[in-house]
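Please open the structure in a viewer and keep the selection panel at hand. The tour below proceeds from one selection to the next and describes what is found at each stop.

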Amino acid sequence: MARPKLPFEFLVALRFLREGRMQTALILLGVTGGVAVIVFLSQLISQLQATIIDRVLGSQAHVVMRPLEEANQRALNDPASIAVIEPRAQRLRSIDQWEAMVKLAEAQPRVVAVSPVVSGPAFALRGRASKSVALMGVDADRYRRIVKMDGYMTRGTFHVEGTNAIIGIELAKDLGVTVGDKVFVRAAGGRDELLQITGLFDIGNKDLNRRWVFTTMKLAQSLLDLPGGVSNIDITVTDIFDAQDVSERLQAGSGLTVESWMTTNSQLLAALRNQTVSNNLIRSFVIVIVALGISSVLVVSVVQKQKEIGILRAMGASSNRIMGIFLLQGGLVGFTGALAGVGLAWGLLQFFSSVYRTGDGAPLFQPHLDTGIALSAALIALVVGVLAALIPARRAAKMDPVQAIRA
Amino acid sequence: MTAIVALRDLRKSYGVGTPVETEVLHGIDIELAEGEFCALIGPSGSGKSTLLNLIGLLERPTSGDLAIAGSETAGLNEQALTVLRGRHIGFVFQFHHLLPAFTALENVMMPSIIEQGVATADAEAIAHDLLLRVGLKGHEHKKANQLSGGQQQRVAIARALSRSPRLILADEPTGNLDTHTADDIFALLREFNRERGSACLIVTHDPRLAARCDRRIELVDGRVAHVSSS
Ligand SMILES: Nc1ncnc2c1ncn2[C@@H]1O[C@H](COP(=O)(O)OP(=O)(O)OP(=O)(O)O)[C@@H](O)[C@H]1O
Ligand SMILES: [Mg+2]
């Protein structure tokens with residue numbers, strides 16, 4: 001057997017822990033469980049929130065600029081719905097000097113993409129079928145940076161020119177058409193056009209799959225009687241949570257109605273925030289319970305090790321070093337438990353992601369563990385371990401060596 | 001010759017400031033020379049352990065002067081006392097007081113580990129040598145509680161000697177052992193004392209062993225009652 005290599009405090013701390021097998025095992029189990037719960041919950045909630053936000057923003061611009069409306073914008077503000085920008089026909093107006101507004105938006109910091117859109121209501125007709133749709137005149141290259149249409153295409157590519165149109169799979173089903181077929185579109189004002197279907201998309205939202213009809217801006221302008229105009233300007237920002245900020249600044253700069261996804265989905269955001277708050281509450285409780293567990297086990301250990309502490313003192317160990325031994329025990333238990341807890345959380349994520357799946361068979365969440373979450377959990381456990389050991393460690397340091405030896 | 005221990009009018013009271021305040025040592029004046037082998041005898045409750053703990057800097061006197069290896073201890077703080085204790089004093093207790101979580105070898109190395117911060121190769125060599133000298137070859141890697149009482153006390157002696165202290169304080173080191181083993185342990189202490197010149201203050205109830213010391217100090221009711229040299 002080689003001589004021990006560890007520094008004095010580590011050596012004694014580890015031996016003490018090893019000696020108190022059952023206690024050490026129990027408290028390690030407690031810390032492991034606590035850390036696992038925290039990591040698993042945090043990971044789950046952050047993923048679910050990301051998924052929800054992703055879904056919401058999958059078919060929605062981060063920020064939308066529209067002409068000033070005199071009133072009743074409210075109807076569009078239903079936070080739960082995906083905001084389809086669909087001004088009333090009689091109100092359909094263009095943004096004044098929209099080219100300048102596009103430039104203004106593009107010049108803003110944290111703005112990634114800007115896309116003018118000509119949208120308005122129309123009917124798609126084929127045979128006896130007549131469906132109410134939303135005409136979307138876009139510049140495909142610009143628009144694909146607002147809504148990632150390329151990823152949603154089930155047939156054809158997201159590219160419009162001439163009288164080509166791209167429609168959703170639900171509308172195609174309702175009308176009984178597919179790529180290569182033609183569909184007749186009539187706007188509310190009475191103008192109409194025969195469109196050639198060159199692509200189908202599935203945006204993951206039946207309502208939008210039924211309503212959106214993409215054409216060129218020019219075609220939409222003529223159908224909707226908005227010559228040279230656009231009805232709204234869609235904007236993508238770098239960080240989705242910057243959207244409100246960007247929108248407020250654009251509003252001030254342009255004098256237009258500017259709304260961010262955060263306003264349109266304020267109730268959703270509030271719900272997410274509540275979820276975060278309750279998660280933090282659970283986390284705090286778990287941390288307190290784990291800390292109390294470590295503390296109580298070490299308090300017992302200090303009493304049990306009274307004699308050893310006395311011997312170590314008699315052999316020249318200062319009270320500070322005795323304190324160090326117990327702080328280290330707390331830290332070691334916290335850190336080891338944290339590592340095991342992160343491992344357990346990883347296992348739980350693997351297990352639950354394979355068990356719980358969405359309707360279409362995809363995992364409800366990814367079995368992926370965020371390094372940031374894992375690291376901060378480990379760090380917190382280490383700190384909590386040391387803090388929890390503070391009271392027992394001070395007790396150990398204050399212990400009278402003579403009492404210990406006489407006993 | 002300088003004194004390794006010098007006490008002047010040393011007093012110790014327990015429960016100071018409480019209704020049960022009692023003075024246990026009533027002014028002790030003792031000097032112990034370097035390399036001296038001295039017995040501390042006296043009836044139970046006379047204050048022998050208390051005196052030993054004071055000299056070992058495990059407790060502070062209520063009043064009086066205590067110098068170890070020429071250093072006055074009265075003005076020293078806890079940290080300085082710890083250093084002084086670590087540097088000059090080795091303890092052997094009645095109930096051996098080994099660390100049960102450590103092996104015999106590690107127990108002997110522990111004072112050095114405390115001083116150096118880690119176990120050095122030198123310390124290991126010294127510990128091996130000491131265990132050999134106390135007759136425990138082959139038992140180095142046994143845990144303390146796997147050894148017999150006599151063996152444990154040998155380990156404790158090896159540990160007390162591991163840093164070649166100038167003073168060994170032994171509180172009834174043979175009190176728990178049969179006569180034969182007690183003689184062995186005593187002989188060991190005497191051997192090391194002669195060989196290395198460590199002074200030794202040994203509390204014992206055994207008149208035979210006391211008679212084999214250089215000097216006997218008898219304590220009665222917290223006072224030095226009698227001193228005799230051989
Ligand atoms: N912590 C304490 N508080 C109060 N009184 C104490 C304390 N420690 C020791 N005493 C008292 O001091 C006196 C001397 O005790 P001490 O242990 O020094 O005696 P001793 O000579 O070593 O006896 P023994 O031979 O039985 O070991 C005793 O009366 C004892 O009750
Ligand atoms: Mg005693």
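Helices and strands are here DSSP runs, numbered from the N terminus; a helix has at least four residues and a strand at least two. A residue belongs to the surroundings of a ligand if one of its heavy atoms lies within 4 Å of that ligand. The model on display is a predicted one.

**First stop: ligand 1**

Select ligand 1 together with the 14 residues around it; A:R406, B:S44, B:K48, B:S49 and B:T50 come nearest. Colouring by chain is helpful here, because the residues surrounding ligand 1 come from chains A and B, so the site is shared between chains.

Which element gives the most to the shell around ligand 1? It is α1(B), with three residues. If the shell is coloured by class instead, three nonpolar, eight polar and three charged residues appear around ligand 1.

Next, display the polar contacts of the ligand. A backbone N or O atom of B:G45 is found 2.9 Å from an oxygen atom of ligand 1. For the side chain of B:K48, the distance between an N or O atom and an oxygen atom of the ligand is 2.8 Å. The side chain of B:S49 likewise places an N or O atom 2.7 Å from an oxygen atom of ligand 1. On its own, ligand 1 has 630 Å² of accessible area, of which the protein covers 64%. Two elements give two or more residues to the shell: α15 (401–406) of chain A and α1 (48–55) of chain B.

**Second stop: the four-stranded sheet of chain B**

Select the open sheet with the order β2-β1-β4-β5 in chain B, where the pairing is antiparallel. Its edge strands are β2 (22–33) and β5 (71–72), each of which pairs on one side only. Now select β1 (residues 3–14) and β4 (residues 63–68) of chain B, an antiparallel pair with five bridges. Within chain B, residue B:V5 stands opposite B:I68 of β4(B). Add α1(B) to the selection: this helix packs on the sheet and touches β1, β2 and β4 of chain B, its direction making about 125 degrees with that of β1(B).

**Third stop: the six-stranded sheet of chain B**

Move to the open sheet with the order β6-β7-β8-β3-β9-β10 in chain B, which has mixed pairing. At the edges stand β6 (89–92) and β10 (223–229), each with a single partner strand, so one side of each has no neighbour in the sheet. On average, neighbouring strands of this sheet are turned by 20 degrees against each other, direction ignored.

Then select β7 (residues 167–171) and β8 (residues 199–203) of chain B, which run parallel and are joined by five bridges. The bridge partner of B:D171 in β8(B) is B:V203. Finally, select helix α5 (residues 149–161) of chain B, which packs on the sheet and touches β6 and β7 of chain B. The direction of α5 makes about 175 degrees with that of β6(B).

Terms used
Residues numbered from 1 in each chain as written. Chains lettered and ligands numbered in written order. Predicted model: local features only at pLDDT ≥ 70, side-chain atom pairs only at ≥ 80, totals over all residues. Heavy atoms only, no water. Polar contact = N/O pair within 3.5 Å; in protein donor to acceptor, adjacent residues only side chain to side chain. Areas by Shrake-Rupley, 256 points an atom, 1.4 Å probe, with all protein chains shown as cover. Nonpolar A, V, L, I, M, F, W, Y, C, P; charged D, E, K, R; others polar. Pairing = 2+ DSSP bridges. Contact = heavy atoms within 4.5 Å. Axes fitted to C-alpha atoms, helices over the stretch in contact; angles between N-to-C directions.
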